[in-house]
Structures are given as C-alpha cells and as structure tokens.
Amino acid sequence: MLTPRKQPRQQRSRETVAAILEAAAQLFQRYGYAGTTTNKIAERAGVSIGSLYQYFPNKDSLLVALAEHYLAESGEQVARVFARAAEQRPSLPELLTGLVGCVADLHTDRPALHRLLFDQAPRTPGLVARFRQAEQRIAVALAGELRRLGAGGPEPGISALLAVQGIEAQLHGALLDPPAGRDTAAHLDAVIDLWHRALSPGR
C-alpha cells in the first residue's frame, strides 16, 4: 500500500502529518532508506507508532508522500521565477540563469533525500502524472517567455519542453554525483550557455 490511509482534516492532524513527514525527511537524508524505520520516524516526530500508521502504512508510502510534497514545493519555487520574469522582463540569459539556479537549489537542498526520492521512491501512477503535469506547467511558462523574446525557434512550446527536460537531466547527476574535480559553478554556466545558444533567436 503506497497511499496514505487517511487524509488529515483537522489542524492538529495536519500538524501531526507535517511532523511525521519532516522527521522522515531528516532520517532518510541522514541514514538512507535501509537505515530508517517507521519506529525511528515516529520517535523523531514525537508521536506513537500507532499514530504514524493511522496515516502511513509503511516506509514506501512516506517516500511517495515526500515526493509529492517535493513536487508541490518545487513547483511553487519555479513559479516564483516566472512571476519575477513577468514583472522584470529579463533577457534570455537572465531568464535561464534564474531558472537553472532555481533547479540547482532544489537539487542541492537535502541532496541525499533528493537522490532517494528520485531513485527509490515507488513510481505510482498518481506520482508520475503529477510529475508530468509539473513539467508541462514549467514548459508552458517558459514557452510564454520565449515567445516574448522571439526565441525558441518556430515551435517555442516544443523547445521549452525540451529545455525543461534537458536542464533537469543535466543538473540531476552532475549535482548529486558530481564528477571528481568538476566545478559546480562551471557546470551551471555550461548548462546556461548551452540552452542560451539553443534557444536564441535565429537558431
């Protein structure tokens, strides 16, 4: 069973679930999947194991819930990048710098947990659907900016989706498992330069 047993409806219940998820995030980050147990999570959260099981039947359901929380939080942060872009009307390099920087920050905040969520969290149909929806929302926002800038070629929507998928893939491995001797800032600059050249008007 990979979905919560019940949804919290009262404030106290929501606080309990939030405490459980934060405790799970801390322990998964520190000890990994194998080193974390539901008993340890309940103890860290300050709740009984029975209270934890009221909401989460096992560790995998906690991983799925954390992945969903991550998607929601990351979507909000990326949305702020495009909200600022709507106000400030940045150039293409400035826009890409903001987007790549935001995605990089999401990868480097609790990197061990991020790796665990993406490499070991069960891929439920609902989670996969939410990931694709988040990806599409970012691509739509980026496409709007590309059209404003006259960038992205004849199909800005397709170019934007490829850029979103590419930036995620190019940052994921490089930031979570960086090559020996490779400077992170140089890698980010290379990703920005790559997509600047690919999306610039006239390409």
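**Close-up views of a predicted model**

**Figure 1. A look at the largest nonpolar core.** In this predicted model, the largest nonpolar core is built from 56 residues. Phe28, Ile41, Phe56, Leu142 and Leu171 are the ones with the most contacts inside it. If you're wondering who chips in the most, that's helix H4, residues 59–88, with eleven residues. Domain 1 (9–57) and domain 2 (59–199) each supply residues to this core, so the core lies between the two. Phe28, one of the residues with the most contacts there, turns up again in the ring view below.

**Figure 2. Here are the two domains and the contact they share.** The chain splits into domain 1, residues 9–57, and domain 2, residues 59–199. On the domain 1 side, 16 residues take part in the contact, and on the domain 2 side it's 13 residues. Measure from C-alpha centre to C-alpha centre and the domains come out 28 Å apart. The nonpolar core of the first view sits between them too, because both domains give residues to it.

**Figure 3. Zooming in on Phe28 and Tyr33, an aromatic pair.** The structure has just one aromatic pair, and this is it: Phe28 with Tyr33, in a stacked arrangement. Their ring centres are 6.3 Å apart, and the planes differ by 5°. The two partners don't see the surface in the same way. Phe28 has a relative accessible area of 1%, and since anything under 20% counts as buried, Phe28 is buried. Tyr33 comes in at 24%, which makes it partly exposed, because that value falls between the 20% and 50% cut-offs.

**Figure 4. Two lysines sit over tyrosine rings.** Tyr33 is back in this view, this time with Lys59: the charged end of that lysine sits over the Tyr33 ring, 3.9 Å from the ring centre. So Tyr33 has two partners to look for, Phe28 in the stacked pair and Lys59 over its ring. The other example is Lys40, whose charged end sits over the ring of Tyr31 at 5.6 Å from its centre.

**Figure 5. Pro57 and the loop around it.** Pro57 is found in the loop that links helix H3 (49–55) to H4. Buried or exposed, which is Pro57? With a relative accessibility of 14%, Pro57 counts as buried, because the cut-off is 20%. For a sense of scale, pick out Ala185: Pro57 and Ala185 are 128 residues apart along the chain, and their C-alpha atoms are separated by 41 Å.

**Figure 6. Stretches that carry a UniProt annotation.** An unreviewed UniProt entry lists "domain: HTH tetR-type" for residues 14–74. In the model that span is 80% helix and 0% strand, and its end C-alpha atoms lie 20 Å apart. UniProt, again in an unreviewed entry, also puts a "DNA-binding region" at residues 37–56. That stretch is 75% helix with 0% strand, and there are 12 Å between its end C-alpha atoms.

**Figure 7. Stepping back to the chain that frames these views.** Nine helices and zero strands make up the inventory here, so to speak, and the pattern along the sequence reads α-α-α-α-α-α-α-α-α. The C-alpha trace spans about 60 × 40 × 30 Å along its principal axes. Of the 203 residues, 40% are buried. Take the contacts with a separation of 6 or more, and 72% of them involve residues 24 or more positions apart.

Methods: Residues are numbered from 1 along each chain as its sequence is written. This is a predicted model: local features need pLDDT of at least 70, side-chain atom pairs count only at pLDDT 80 or more; totals for chains, interfaces and linings use all residues. Side-chain values use heavy atoms; hydrogens and water are left out. A nonpolar core is a set of buried Ala, Val, Leu, Ile, Met, Phe, Trp, Tyr and Cys residues joined through side-chain atoms within 4.5 Å. Buried means under 20% relative accessible area, exposed over 50%, partly exposed in between (1.4 Å probe, protein chains only). Helices (H or I, at least four residues) and strands (E, at least two) are DSSP runs, numbered from the N terminus. Domain bounds come from an automatic or database domain assignment. Rings of Phe, Tyr and Trp (its six-membered ring) pair if their centres lie within 6.5 Å; planes under 30 degrees apart count as stacked, over 60 as edge-to-face and the rest as tilted. A charge sits over a ring if NZ of Lys or CZ of Arg is within 6 Å of the ring centre and within 35 degrees of the ring normal. UniProt positions are given in the numbering used here, feature names are shortened, and annotations may be inferred rather than shown by experiment. Contact means heavy atoms within 4.5 Å.
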